[in-house]
Amino acid sequence: MATKSIGQEYLKGLWDENPVFRQLLGMCPTLAVTGTVITGMAMALATTFVLIFSSLVVSSIKKLIPSQVRIATYIVVIASFVTIADQFLKAYFYSISEALGPYVPLIVVNCIILGRQEAFSSKNSVGRSLIDALGMSSGFVLALFVLSAIRELLGAGTFLGYQVMGPWFKPWIIMILPAGAFITLGVLLGIALLIESKTKRSQ
Amino acid sequence: MELAAIFISAVLVQNFVLYYFLGICPFLGVSKKIDSAFSMGLAVTFVMSITAVVSWLINNLILIPFGLDYLQIVSFILVIASLVQLVEMFIRKISPPLYQALGIYLPLITTNCAIMGLALIAALNEYSFVEAVIFGFSSGIGFTLAIVLIAGIREQLDLADVPEPLKGAGIALIVAGIMALAFNGFIGMLT
């Protein structure tokens with residue numbers, strides 16, 4: 001781990017260890033809120049906030065946490081930041097908070113965040129944990145952006161709420177439905193694996 | 001009538017896995033064999049029923065009367081985590097055969113978003129006590145139904161010729177999508 005440069009530490013979250021496409025973590029919010037780009041991005045940014053600050057706190061107090069209760073401690077730290085994010089969204093972006101429904105509080109059980117605390121922040125310095133959290137959240141933002149852009153474009157013919165498809169375009173209702181989320185993500189996982197195997201072979 | 005509507009809605013129409021996308025991790029992870037999928041479903045149903053009771057009590061007897069709604073997230077997650085541990089210890093003492101059947105799945109459930117989601121959705125919908133209990137139980141049944149169905153399909157898929165990159169999670173998600181589409185047809189039952 002220590003041999004990785006700062007750049008590599010950041011980049012691994014984007015592709016090699018992308019939380020959604022490669023590790024299959026955090027699938028619930030990924031599928032649930034990607035009907036439109038706006039809700040997808042709001043979710044991704046809220047998760048980013050929680051991940052970065054939890055990593056900072058956990059990595060700075062890692063020596064004080066007894067190992068028997070470490071998971072419980074992580075959960076309390078994460079839950080505090082999720083509460084902050086939830087209250088913030090309710091206060092300043094009420095319509096987005098309504099659209100996201102129970103999924104903002106559910107960030108607390110997002111396995112990406114707990115996973116990074118256990119696998120990385122509890123063993124590495126504050127600086128490295130910050131870079132790692134930034135990388136992982138960028139990977140999460142990337143995944144949610146791709147998924148929600150495809151679903152909004154095909155499902156409503158819009159992007160960020162603006163009409164981009166011409167009048168000839170008939171929206172695919174299925175993309176807005178839960179079924180569309182499952183199928184799109186399944187196909188994207190397949191494409192990610194295909195790219196991976198192609199690049200491996202050429203090396 | 002109202003209670004029957006909650007039951008049908010939680011099992012078929014607003015199925016936890018296929019409508020709310022909660023509990024996807026066990027849905028993909030423990031759905032390779034029908035037997036283990038069924039045990040997982042039972043364990044989830046069991047914990048969901050208890051969670052519905054406990055979270056309702058906490059929410060309506062402690063948090064709301066004292067104006068502490070903003071502590072919902074922290075208190076629910078802590079209570080659920082300790083509850084699962086307690087249930088695990090209790091079952092191990094009382095009924096070893098049941099522990100054999102559910103044991104390894106119980107710890108996994110702590111991090112299962114379906115349980116936390118259940119507590120939050122029940123609080124959001126402001127269910128009464130009886131409604132919350134029915135909601136918890138029937139959501140568990142809905143989860144069991146979905147995970148057993150997909151396990152059945154995946155057992156058959158082992159013999160099918162799936163394109164290499166889609167093997168594993170990819171094809172499971174696509175199958176889940178088609179199942180969600182089928183479940184979508186149940187919406188007509190409620191209106």
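## Report on a predicted two-chain model

Read along its sequence, chain A follows the pattern α-α-α-α-α-α-α-β-β-α-α. That chain has nine helices and two strands, where helices (H or I, at least four residues) and strands (E, at least two) are DSSP runs numbered from the N terminus. The model is predicted: local features need pLDDT of at least 70, side-chain atom pairs count only at pLDDT 80 or more, and totals for chains, interfaces and linings use all residues. Residues are numbered from 1 along each chain as its sequence is written, while chains are lettered from A and ligands numbered from 1 in the order in which they are written.

**Dimensions of chain A.** Along the principal axes, the C-alpha atoms of chain A fill a box of roughly 60 × 50 × 25 Å. The radius of gyration of chain A is 18 Å, which agrees with the value near 17 Å for a compact globule of 203 residues; this radius is taken over C-alpha atoms, and the globule rule is 2.2 Å times the number of residues to the power 0.38. Of the 203 residues in chain A, 44% are buried. A residue is buried if 20 or more other C-beta atoms lie within 10 Å of its own, exposed if 12 or fewer, and partly exposed in between, with C-beta atoms placed from the backbone. Among contacts in chain A between residues at least 6 apart in sequence, 76% join residues at least 24 apart; two residues are in contact if their C-beta atoms lie within 7 Å.

**Packing of H3(A) and H4(A).** Helix H3 (residues 37-60) and helix H4 (residues 70-92) of chain A pack at an angle of about 145°, their axes being 9 Å apart. Axes are lines fitted to C-alpha atoms, for helices over the stretch in contact, and angles run from 0 to 180 degrees between N-to-C directions. The residues in this contact include A:Phe49 and A:Phe53 of H3(A) and A:Ile78 and A:Phe81 of H4(A). By class, the contact comprises 13 nonpolar residues, one polar and no charged; Ala, Val, Leu, Ile, Met, Phe, Trp, Tyr, Cys and Pro count as nonpolar, Asp, Glu, Lys and Arg as charged, and the others, Gly among them, as polar.

**Loop residues.** Two residues other than glycine have a positive phi, as tabulated below.

| Residue | Phi | Loop | C-beta atoms within 10 Å |
|---|---|---|---|
| A:Leu24 | about 55° | between H1 (6-14) and H2 (27-32) of chain A | 20, buried |
| B:Phe21 | near 60° | between H1 (2-13) and H2 (24-29) of chain B | 28, buried |

A further loop residue, A:Phe93, lies between H4 and helix H5 (94-100) of chain A. A:Phe93 is partly exposed, with 15 other C-beta atoms within 10 Å. Its C-alpha atom is separated by 9.8 Å from that of A:Ala42, 51 residues apart along the chain.

**Interface and core.** In the interface, 33 residues of chain B are in contact with 33 residues of chain A. H9(B) supplies the largest share of the chain B side, eleven residues. That side has 28 nonpolar, five polar and no charged residues.

The largest nonpolar core has 111 residues, and A:Ile78, A:Phe182 and B:Ala122 are among those with the most contacts inside it. Such a core is a set of buried Ala, Val, Leu, Ile, Met, Phe, Trp, Tyr and Cys residues joined through C-beta atoms within 7 Å. Leaving aside neighbours within four places in sequence, B:Ala122 is in contact with residues including B:Trp56 and B:Phe135.
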